[in-house]
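Here is a short, friendly tour of one protein chain, meant to be read with the structure open beside you. We begin with a single residue and widen the view from there.

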Amino acid sequence: MGAALALASRGVGTTTPNPSVGCVIVQAGRVAGRGHTRNGGRPHAEAEALAQAGDAARGSTAYVTLEPCAHRSARGAACADSLIAAGIARVVVAAPDPDPRTNGQGIERLRAAGIAVTSGVRAAEAEAGLAGFLTRLALGRPHITLKLAVSLDGAIALHDGRSRWITGARARAAAHLLRARSDLILVGRGTWDADAPSLDVRLPGLEARRPRIGVVGRGEGLPTHVRHFADLAALAADPALHVLVEGGMGLAASLLAVDLVDSLVLHRAPIIIGHGRTLGDIGLDDLADAHGRWAAAPVIALGPDRIERFTRIR
């Protein structure tokens, strides 16, 4: 399952409207086929792994990070049916699929065909990788990650707004990896006008990843390739699964004020700015309301900087 989870991670940010899933087929202790969801959502991971395994799929075990789909579409067969037709003997599933078109029906169909099914293996890890898909189904909007580079005293820019560079090169490379795993990068109009950011992915081997770019605020004068959002309410209608918000201060505060941030990533540098700019008002009236809202992940050290990740508890 660890190998299947690693495969699934490769497609995050590129498979919209489908989730990024990984599949590994094992025959007699050897990997016979492997696959992950491809760009645009097809082929599915199971279809790719089965094609690679060929006849070796018969009698084998398939490890899948998401319950095999149970619905047919114009783009391909149901994965549960494909696994049955290939003669798979056992299927190990990480996370259930809450899509109402599947929602347990994939597992039921496999069992009805005499296939042994084990579910819930490393489910939490799988669900973390499926965050965009699961947020879309549960809340009807994309999964939103807010990334901020901050000093030890919580400043995100000098008093005049300058913020290049708070963190070092390795932390900035990690920010580019966040971009590569997103299908929409969002900034406020003030940040766009001040910095004209390219918002591309500049990592060796990942240069072809080109997330869409969006700006919240005024729409006049934006390039044609930039998606305009008049307000935050318009964001929910966008088909993206993974949205990365990179600035600025007003947009970040607005998102936090209306509780639209699902993941918070702080790139903290060992510097003290003093009279710097901070987020400002996020609508908090009582400190008691600030507690119990965020779950912390282990801190990652990148040179002198620290990457702190938090997930909104809902």
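R179 sits in helix α7, which covers residues 169–180. The model you are looking at is predicted. Is this arginine buried or exposed? With a relative accessible area of 10%, R179 falls under the 20% cut-off, so it counts as buried. Setting aside neighbours within four places in sequence, R179 is in contact with I185, L199, D200, V201, R202, P211, L244 and E246. One of these partners, L244, is 65 residues away from R179 in sequence, yet their C-alpha atoms are 6.9 Å apart.

H275 makes a good second stop. This histidine is found in the loop between β11 (263–268) and β12 (294–296). H275 has a relative accessible area of 66%, so it is exposed. Leaving out residues up to four places away in sequence, H275 touches L158 and H159. The C-alpha atoms of H275 and D153 are separated by 9.6 Å, with their positions 122 residues apart along the chain.

Now for the whole chain. It has 9 helices and 14 strands. Its radius of gyration is 21 Å, close to the 20 Å that the globule rule gives for 314 residues, so the chain is as compact as a globular protein of that length. Along the principal axes, the C-alpha trace spans about 65 × 40 × 40 Å. Of the 314 residues, 46% count as buried. Among contacts between residues at least 6 apart in sequence, 73% join residues at least 24 apart. The chain exposes about 14,900 Å², and carbon and sulfur atoms supply 54% of that area. As for charge, there are 36 positive and 29 negative side chains, and the centres of the two sets lie 7 Å apart.

What about the interior? In soluble globular proteins, nonpolar side chains tend to be buried together. Here the largest nonpolar core holds 33 residues, of which I25, L50, A62, L83, I88, V91 and L110 touch the most other members. The elements giving two or more residues to this core are α1 (2–10), β1 (22–27), α2 (45–53), β3 (61–66), α3 (79–85), β4 (90–95) and α4 (105–112). Which of them gives the most? That is β4, with 5 residues. I25 offers a view of the packing: beyond its neighbours within four places in sequence, its contacts include A49, L50, A53, A62 and I88. Apart from this core lies another, of 22 residues, among them I156, L255, L260 and L266.

Finally, some backbone details are worth a look. Most residues other than glycine have a negative phi, and most peptide bonds are trans. The table lists places that depart from this pattern.

| Site | Backbone feature | Location |
|---|---|---|
| T16 to P17 | cis peptide bond, omega near 15° | P17: loop between α1 and β1 |
| R42 to P43 | cis peptide bond, omega near -5° | P43: loop between β2 (30–36) and α2 |
| A28 | positive phi of about 55° | loop between β1 and β2 |
| N103 | positive phi of about 40° | loop between β4 and α4 |

Neither A28 nor N103 is a glycine. A28 has a relative accessible area of 72%, so this alanine is exposed.

Methods
Residues are numbered from 1 along each chain as its sequence is written. This is a predicted model: local features need pLDDT of at least 70, side-chain atom pairs count only at pLDDT 80 or more; totals for chains, interfaces and linings use all residues. Side-chain values use heavy atoms; hydrogens and water are left out. Helices (H or I, at least four residues) and strands (E, at least two) are DSSP runs, numbered from the N terminus. The radius of gyration is taken over C-alpha atoms; the globule rule is 2.2 Å times the number of residues to the power 0.38. Buried means under 20% relative accessible area, exposed over 50%, partly exposed in between (1.4 Å probe, protein chains only). Contact means heavy atoms within 4.5 Å. Accessible areas come from the Shrake-Rupley method with a 1.4 Å probe; for residues, only the protein chains shown count as cover. Lys and Arg count as positive and Asp and Glu as negative; His and the chain ends are not counted. The place of a charge is taken as NZ of Lys, CZ of Arg, CG of Asp or CD of Glu. A nonpolar core is a set of buried Ala, Val, Leu, Ile, Met, Phe, Trp, Tyr and Cys residues joined through side-chain atoms within 4.5 Å.
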